[in-house]
Amino acid sequence: MSTEDLDDDGPFIVPREGYFWGFAYLRPRAEKKFEQKLNGFGIRTYLPLIKKMRVHNRGKVVTWIPMFTSYLFLEVPNTLYTNIVRYPEVLTLDLCEKPEIQEAFIADLNRVRKCELLAEHRKVVVNPGIRPGMTVMVKSGPLAGTEVVVVKRVNEVHVIVNLSILGRHCDCTLSAADLQEIV
């Protein structure tokens, strides 16, 4: 769904009978290509993007990166679930089939859309409470359930974390959306 098709006045996502919204957790850096693939099959998708500005020798370069790395939100009928799961890009697919969960999920996606619109004009940081030195829990992906220490914030979306394994340390970059503060 291109940004030209979006209505900024009303709700961005409206539920349809017989369809379920959910999310696909994808292999790294597959979001935009997989979105194009699904759109080609007539499946509604939503990939929230935020602006990333980089400075190069010749000036500033603006790119749009996924707000939630490796996630693509999509609306599909339950009958297509097994077809989508078979794609090699898809690690997991979770659809909200219960009406009360579907309603809350769509409300969240509509709020994400408002943040995405805000990001066109202001800096938006995903999970801003995640700061260097904090011990956090990884919520999803291969390291789900693992405690890690935040080393530094790379940009609005990514964080470098330190993981202790067998008396050794390993730094890796994760999406801030995949981290949860331990209280």
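## Strands 8 and 9 and the five-stranded sheet

In this predicted model, strand 8 and strand 9 run antiparallel and are joined by four bridges. Within this pairing, Val149 stands opposite Asn162 of strand 9. Both strands belong to an open sheet of five strands, arranged in the order 10-9-8-7-11 with antiparallel pairing. Strand 10 (168-175) and strand 11 (179-181) occupy the edges of this sheet, and because each has a single partner strand, one side of each is left without a neighbour in the sheet. On average, and with direction ignored, neighbouring strands here are turned by 45 degrees against each other.

On its other side, strand 9 pairs with strand 10 in the antiparallel sense, over eight bridges, and in this pairing Cys172 of strand 10 is the bridge partner of Val161. The two strands form a hairpin with two residues between them, in which Leu166 takes a positive phi near 50 degrees. As a general background to such arrangements, strands of a sheet pair through backbone hydrogen bonds, either parallel or antiparallel.

## The four-stranded sheet and its helices

A further open sheet is built from four strands in the order 2-5-1-6, and its pairing is antiparallel. Its edge strands are strand 2 (44-46) and strand 6 (90-95), each of which pairs on one side only. Neighbouring strands of this sheet are turned by 25 degrees against each other on average, direction ignored. Strand 2 is joined to strand 5 (residues 71-76) by three bridges in the antiparallel sense, and Tyr46 has Phe73 in strand 5 as its bridge partner.

Two helices pack on this sheet. Helix 1 (residues 31-40) touches strand 1 (20-26), strand 2, strand 5 and strand 6, and its direction makes about 10 degrees with that of strand 5. Helix 3 (residues 99-119) touches strand 1, strand 2 and strand 5, while its direction makes about 65 degrees with that of strand 1.

## Leu72 and Ser70

Leu72 lies in strand 5 and, with a relative accessibility of 0%, counts as buried. Leaving aside neighbours within four places in sequence, the contacts of Leu72 include Gly22, Phe23, Ala24 and Leu26, as well as Glu31, Phe34, Glu35 and Leu38, and also Thr45, Tyr46 and Leu47. One of these residues, Gly22, is 50 residues away from Leu72 in sequence, yet the two C-alpha atoms are 8.6 Å apart in space.

Ser70 is placed in the loop between strand 4 (59-66) and strand 5. Ser70 is also buried, its relative accessible area being 6%. When residues up to four places away in sequence are not counted, Ser70 touches Ala24, Tyr25, Leu26, Arg27, Pro28 and Glu31.

## Nonpolar cores

The largest nonpolar core holds 33 residues, of which Trp21, Tyr46, Phe68 and Leu179 touch the most other members. Two or more residues come from each of strand 1, strand 5, helix 3, strand 7 (135-138), strand 8 (147-153) and strand 9 (158-165). Helix 3 gives the largest share of this core, namely five residues. In soluble globular proteins, nonpolar side chains tend to be buried together.

For Leu179, the contacts beyond four places in sequence are Asn127, Ile130, Val136, Met137, Val138, Lys139, Val148, Val159, Val161 and Leu174. A second core, separate from the largest one, has 15 residues, among them Phe20, Leu38, Leu74 and Leu95.

## The protein as a whole

The protein contains three helices and 11 strands, which follow one another along the sequence in the pattern β-α-β-β-β-β-α-β-α-β-β-β-β-β. The radius of gyration is 18 Å, close to the 16 Å that the globule rule gives for 183 residues, so the protein is as compact as a globular protein of that length. Along the principal axes, the C-alpha trace spans about 50 × 45 × 30 Å.

Of the 183 residues, 39% count as buried, and the protein exposes about 11,200 Å², of which carbon and sulfur atoms supply 54%. Among the contacts with a separation of 6 or more, 60% are accounted for by residues 24 or more positions apart.

How values were computed. Residues are numbered from 1 along each chain as its sequence is written. This is a predicted model: local features need pLDDT of at least 70, side-chain atom pairs count only at pLDDT 80 or more; totals for chains, interfaces and linings use all residues. Side-chain values use heavy atoms; hydrogens and water are left out. Two strands pair if DSSP finds at least two bridges between them. Axes are lines fitted to C-alpha atoms, for helices over the stretch in contact, and angles run from 0 to 180 degrees between N-to-C directions. Contact means heavy atoms within 4.5 Å. A nonpolar core is a set of buried Ala, Val, Leu, Ile, Met, Phe, Trp, Tyr and Cys residues joined through side-chain atoms within 4.5 Å. Buried means under 20% relative accessible area, exposed over 50%, partly exposed in between (1.4 Å probe, protein chains only). The radius of gyration is taken over C-alpha atoms; the globule rule is 2.2 Å times the number of residues to the power 0.38. Accessible areas come from the Shrake-Rupley method with a 1.4 Å probe; for residues, only the protein chains shown count as cover.
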